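Opening the notebook on this one. I want to go through sheets, chain layout, salt bridges and surface, in that order.

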Amino acid sequence: MKSSKEALRTARQLIEASMVDGKLDLQKVRTIVAKLVEKKPRGYVQVADQLGRLARLEVEKNMARVESAIALDEATKATVLNDLRAKYGSQIEAEYSVDPDLIGGMRIRIGSDVWDGSVKNRIERLEQLFS
Amino acid sequence: MSNILQELESEIAGLKTSVAKTNVGVVREIGDGVAKVEGLSDVMLNEMVEFPGGLYGLALNLEETEVGCILLGEGRHVKEGDEVKSTGKLFSVPVGKEMLGRVVDALGNPIDGKGAINATENYPVEKIAPGIMPRQSVNQPVQTGIMAIDAMVPVGRGQRELIIGDRSTGKTTVAIDTIISQSNINKAAKEAGDDSYKPMYSIYVAVGQKLANVARTIATLEEAGAMEYTIVVVASASDSATNQYLAPYAGCAMGEWFMQNGMDALIVYDDLSKHAVAYREVSLVLRRPSGREAYPGDVFYLHSRLLERSARLSDANGNGSLTALPIVETQAGDVSAYIPTNVISITDGQIYLETDLFYKGIRPAISVGLSVSRVGSSAQTKAIKKVAGTTKLDLAQFRELQAFAQFGSDLDDKTRAQIERGERIVELFKQDQYSPIPMEVEVVVLFAMQNGYFDDVDVENIKDCQAKLQEFFTTRKDAILKAIRDSGKLEDGTVSDLKQAIEDFKSGYKPE
């Protein structure tokens, strides 16, 4: 039984090994996971768990999740992506989704940063101010 | 009506500003009042974070990919996957004079059913203690109203004096007596129209105590009319460990407000052993490495940073003060246990209460040998200093001789005199709970004792004689008391008056 700390350390080393130019190479991660499953080293389940988590966080760092109340047209999408790339770097990719609960506006999440310009958020803030 | 509309409009206009960036995380694990949150990459240590439903938490553990947060309230509705927002604010509590007379929880919310508190200011709960330059040395007394303490282990404004002893030896009583004494002095000064007197406000922090005990304490304070100068902060045994851990800091923030605004305050932490236990619980749930007795490594810092915030500020900084009376409970009289030694080394002295003395009927059960005050004597009122100078030594010698005299009956006259004097001092220092004695009366009694006026009174009649002496002075010799009270000194003229008055009393005194 490998301790969770050791598993985390190993996973971190593996993630670092699969970075290419500051970006996670998903192909390398796939190879590592395949090797882990095939060779089954000591505590490989925990290592795989941690690896999955770290890989997810790494991917999320460079993935902007753009939610909007209505579907965006291509021009708006391009503007949003360009603005985000100007702020966070050219490696940013965007993923678009529609959430009618937002009522209006947009909500963008990159890593743990959230840019919330939705009507829903503004109403909530207003509610807090007056409660 | 138009006001509200304008307000609404301005608020709405404020909302139209550009989209603000927030830092968020996702709850991964929750339980025992602690949440592990993934994300929150920009969060600061001790920052408040917001959980869904208006619940707040504190970020205590910053790890590589996770943040360990303690919840400030009931977190049953929080579940895995919930979003947590950072706020960029430190946890603070309402402070100010509006808090006086109120009972609040560790977050500063009223729990006495007397409605909302309209405090205008907030102070952060964790604050760095005043540095060296804004301070000055302790030079004003805190009259505890307990004769044994005022005479032998005096406490000054800005001092930290530990009250330590086994369970049920009267630790809380000493603290409550002090609070009552302060409120009595405040009221007396107010009635006399003395504007130069700085009232002393009190804060009583109950940590991990039974609610029945807290209710009794509050009732005592109310009965004595001390609540109007007192804030009570309660984190009882039924509150979460988080709230118990935060309560002393919240109380300290309220006390600091008085200090920073040039006023004097007294804070009682009742008690710090339970506070350490609550912090141990929080730390273990946060999976911090444990050390001796499973306490985390920073349990010393936990108390030192709290008690360092008590200080006497210099005149340039407003001349305010915060006096701390922390209480620590020992197990079977063991002062060398972990938490007691820590707190003893942090504080400026301790009042040690002994079980044996308590059951012998010597109450307050102050152990003379083990109680000290490192800075208080420079703050002692001159009058008391003059009459109580050698009392501690007399009493310590008496205890030694008493142990020795048990073995033989043949004693020389000097030893016998010392023992008889000692027995009388012990009797005089016995005092009922919740009945603090004013300073000037203490001076009279101590003066009578030092000058041998009690030597011809039988030991069993000492208490009776003392009570009658006090009554004689308060009803018939108020001028002498006033002279001592106003000057704080024992001048030659007063001494001769005092001698004459005591002789008058003695000539008419008959034991019952």
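**Sheet in chain B**

I started at B:Ile163, whose bridge partner in E16(B) is B:Ile327. Before going on, a note on the source: this is a predicted model, where local features need pLDDT of at least 70, side-chain atom pairs count only at pLDDT 80 or more, and totals for chains, interfaces and linings use all residues. Residues are numbered from 1 along each chain as its sequence is written, chains are lettered from A and ligands numbered from 1 in the order in which they are written, and side-chain values use heavy atoms, with hydrogens and water left out.

Which strand carries B:Ile163's side of the pairing with E16(B)? I looked up strand E12 (residues 162-165) of chain B, which pairs with E16(B) in the parallel sense over 3 bridges. Strands here are DSSP runs of E with at least two residues, helices are runs of H or I with at least four, and both are numbered from the N terminus. For pairing, DSSP has to find at least two bridges between the two strands.

Strand E15 (residues 264-270) of chain B also pairs with E16(B), again in the parallel sense, over 6 bridges. There I noted B:Tyr269 standing opposite B:Pro326 in E16(B).

Is E16(B) buried or exposed? Of the 9 residues of strand E16 (residues 321-329) of chain B, 8 are buried, so the strand is largely enclosed by the rest of the structure. My cut-offs: buried is under 20% relative accessible area, exposed is over 50%, and partly exposed is in between (1.4 Å probe, protein chains only).

Then I wrote down the sheet order, E8-E14-E13-E15-E16-E12-E17-E18 (chain B), an open sheet of 8 strands with mixed pairing. Strand E8 (103-104) and strand E18 (372-373) of chain B are at the edges with a single partner strand each, so one side of each has no neighbour in the sheet. At the E18(B) end, strand E17 (residues 349-353) of chain B runs antiparallel to E18(B), joined by 2 bridges. B:Gln350 has B:Val372 as its bridge partner in E18(B).

**Layout of chain A**

Next I moved to chain A, which has 5 helices and 6 strands. Along the sequence the pattern reads α-β-β-α-α-β-α-β-β-β-α.

How do the domains fall in chain A? The assignment gives domain 1 (4-60) and domain 2 (63-129), with bounds from an automatic or database domain assignment. Their centres, taken over C-alpha atoms, are 30 Å apart.

I compared the radius of gyration with the globule rule: chain A has 19 Å, whereas a compact globule of 131 residues would be near 14 Å. The radius is taken over C-alpha atoms, and the rule is 2.2 Å times the number of residues to the power 0.38. The C-alpha box along the principal axes is roughly 55 × 40 × 20 Å. Of the 131 residues of chain A, 34% count as buried.

**Salt bridges**

I counted a salt bridge when a side-chain nitrogen of Lys or Arg is within 4 Å of a carboxyl oxygen of Asp or Glu. That comes to 33 over all chains.

I picked A:Arg53 with B:Glu66, whose closest N and O atoms are 4.0 Å apart. A:Arg53 sits in helix H3 (residues 44-61) of chain A and B:Glu66 in strand E5 (residues 66-71) of chain B, so this pair joins two chains. Both A:Arg53 and B:Glu66 are buried.

Within chain A, I found A:Glu95 and A:Arg65 meeting at 2.6 Å, N to O. They link distant parts of the chain, 30 residues apart, with A:Glu95 in strand E4 (residues 93-98) and A:Arg65 in strand E3 (residues 63-68) of chain A. A:Glu95 is partly exposed at 37% relative accessible area, and A:Arg65 is partly exposed at 33%.

In chain B, I took B:Glu440 with B:Arg485, closest N and O atoms 2.9 Å apart. This pair is 45 residues apart and links helix H13 (residues 439-450) to helix H15 (residues 478-487) of chain B. B:Glu440 is buried at 8% relative accessible area, while B:Arg485 is partly exposed at 38%.
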